[in-house]
Amino acid sequence: MQEEQATIWFLEDVRELVEAAPYTFYIPSAEVLAQLQPGHTVKLYFVSDDDEFDEVITEQLWVRITGIEGDEFRGELESEPEAIKDLQAGDEIEFASDHITDTELEDPVPNIVQQYAANCFVTSRVLEDEQPVGSLYRENPAEAGDDLQQFSGWNIMAGDEDDAYLDNSDNWHYVPLGTVLDIDDRFIDVLDAPFDSEFEYDPESDSFVEVEDD
């Protein structure tokens, strides 16, 4: 539908973004979408190719719904774009539910992004090199320091890092658990384990097994 608009931008199908990052990219539930009426505001994911700088620009902008016909929506752009050309507040926007990444309404359905929003420490081997998770342990956040916000207690590694690597703070990153799960979610079933738990991946059972204290 947006192809009819003479612009240099387009609207992203947010379902594809969720498939790529299911633990970190939220989209409203079907229950929320069914409640939308003219006057409500929704957030859409706009994309534009910048020929001058040879890059892709993305902006999530709010649109006030002015009309609905089936799954086809009309609206007025309320946000002022910061970078996308040929787009400004007040423009009429045509879109579908597949383009909606957020709404002003409270979502009654628990979402996986919130469930795994707590932070963890993860090594560069996993986060940047995208190596599979091989080991993880959970410390008590109360003993980790007052400056850590929303710390789950989890420390996640590939398992092949040596002591020198692990002792270098540059090799550690503080990110939401969902960011790691987007890379490798095989360990998701152990995340409710209590503090002082430690797990290692066992290739024979293809599962994470708890490491017992000597």
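Among contacts in the protein chain between residues at least 6 apart in sequence, what percentage join residues at least 24 apart? The figure is 64%. Keep that in mind as you turn the model, which is a predicted one.

**Whole chain**

Select the protein chain and colour by secondary structure. You should find 6 helices and 12 strands. The radius of gyration is 22 Å, well over the 17 Å that the globule rule gives for 214 residues, so the chain is more spread out than a compact globule. Now align the view to the principal axes. The C-alpha atoms fill a box of roughly 65 × 40 × 40 Å.

**Surface and burial**

Switch on the surface. The protein chain exposes about 12300 Å². Carbon and sulfur atoms supply 42% of that area. Next, colour by relative accessible area. Of the 214 residues, 40% are buried.

**Charges**

Select the charged side chains. There are 8 positive and 58 negative ones in the protein chain. Mark the centre of each set: the two centres lie 7 Å apart.

**Asn 171**

Go to helix H5 (163-166), then to strand E10 (172-176). Asn 171 sits in the loop between these two elements. Is Asn 171 buried or exposed? Its relative accessible area is 15%, so Asn 171 is buried; the cut-off for buried is under 20%.

Now show what surrounds the residue. Leave out neighbours within four places in sequence. Asn 171 is then in contact with Val 122, Thr 123, Ser 124 and Tyr 165. Select those four residues together with Asn 171 to finish the tour.

Terms used
Residues are numbered from 1 along each chain as its sequence is written. This is a predicted model: local features need pLDDT of at least 70, side-chain atom pairs count only at pLDDT 80 or more; totals for chains, interfaces and linings use all residues. Side-chain values use heavy atoms; hydrogens and water are left out. Helices (H or I, at least four residues) and strands (E, at least two) are DSSP runs, numbered from the N terminus. The radius of gyration is taken over C-alpha atoms; the globule rule is 2.2 Å times the number of residues to the power 0.38. Buried means under 20% relative accessible area, exposed over 50%, partly exposed in between (1.4 Å probe, protein chains only). Contact means heavy atoms within 4.5 Å. Accessible areas come from the Shrake-Rupley method with a 1.4 Å probe; for residues, only the protein chains shown count as cover. Lys and Arg count as positive and Asp and Glu as negative; His and the chain ends are not counted. The place of a charge is taken as NZ of Lys, CZ of Arg, CG of Asp or CD of Glu.
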